[in-house]
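User: Could you walk me through reading aromatic contacts and unusual backbone angles in a model?

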Amino acid sequence: MRKIETPFGILYIEEENDREETHRIKIYDSEMRYFDYYSLDYLEEGVTIAEFVEEQVKWLAGRKKLDDLLEGLGIDSYSTSEDWTNLLEDMYQGRAKLVYGKWIDETDGSEITEQVVMDNEWVNKIGNTYILVCE
């Protein structure tokens, strides 16, 4: 796994020898959670996987803003915040309510915590910023 430092936080990318799948290279967030991937189906003739990874590392490290990274990866719909509670409106479509200092999911009465938010497969964290990828 290769560590990539950006102005907004750490990312990780699989290298050729630590790929889990043969047809893609995965990108991970600062928490080492799966974030996105590059398909190897369209790898140009004569370009090695190691060269491709190096090219992507340079591109990722060159992003100055998180929005530039997300848009460059083709993630068009997302919410970001350094406060996980700011994602709740989009995650719960207005059904998350603050009750006696705790966030509650009105649909089932369960408590919403930072861990509950982070357990959602559409939520990642890069540096101090939480990202909710919206469909």
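Analyst: Happy to; we will take the ring contacts and then the backbone. Keep in mind that this model is predicted.

User: How many aromatic pairs does the structure hold?

Analyst: There are two aromatic pairs. One joins tyrosine 28 and tyrosine 34, with 6.4 Å centre to centre and 80 degrees between the planes. Planes over 60 degrees apart count as edge-to-face, and this pair is edge-to-face.

User: Is tyrosine 28 buried or exposed?

Analyst: Tyrosine 28 has a relative accessible area of 8%, so it is buried. Its partner tyrosine 34, at 36%, counts as partly exposed.

User: What about the rings of tyrosine 38 and phenylalanine 52?

Analyst: Their centres are 5.8 Å apart and their planes stand at 90 degrees, so this pair is edge-to-face. Because tyrosine 38 lies in strand β4 and phenylalanine 52 in helix α1, the pair ties together parts that are 14 residues apart in sequence. Tyrosine 38 is buried at 13% relative accessible area, and phenylalanine 52 is buried at 12%.

User: Which ring does the charged end of arginine 24 sit over?

Analyst: That is the ring of tyrosine 37, with the charged end 4.4 Å from the ring centre.

User: And where should I look for a positive phi outside glycine?

Analyst: Look at methionine 32, whose phi is about 65 degrees. This methionine is in the loop between β3 and β4 and is partly exposed at 43% relative accessibility. Tyrosine 100 also has a positive phi, near 50 degrees. Tyrosine 100 is in the loop between β6 and β7, and its 84% relative accessibility makes it exposed.

Key:
Residues numbered from 1 in each chain as written. Predicted model: local features only at pLDDT ≥ 70, side-chain atom pairs only at ≥ 80, totals over all residues. Heavy atoms only, no water. Phe/Tyr/Trp six-rings, centres within 6.5 Å; stacked < 30°, edge-to-face > 60°. Buried < 20%, exposed > 50% of the residue type's maximum accessible area, 1.4 Å probe, protein only. Helix = DSSP H or I, 4+ residues; strand = E, 2+ residues; numbered from the N terminus. Lys NZ or Arg CZ within 6 Å of the ring centre and 35° of its normal.
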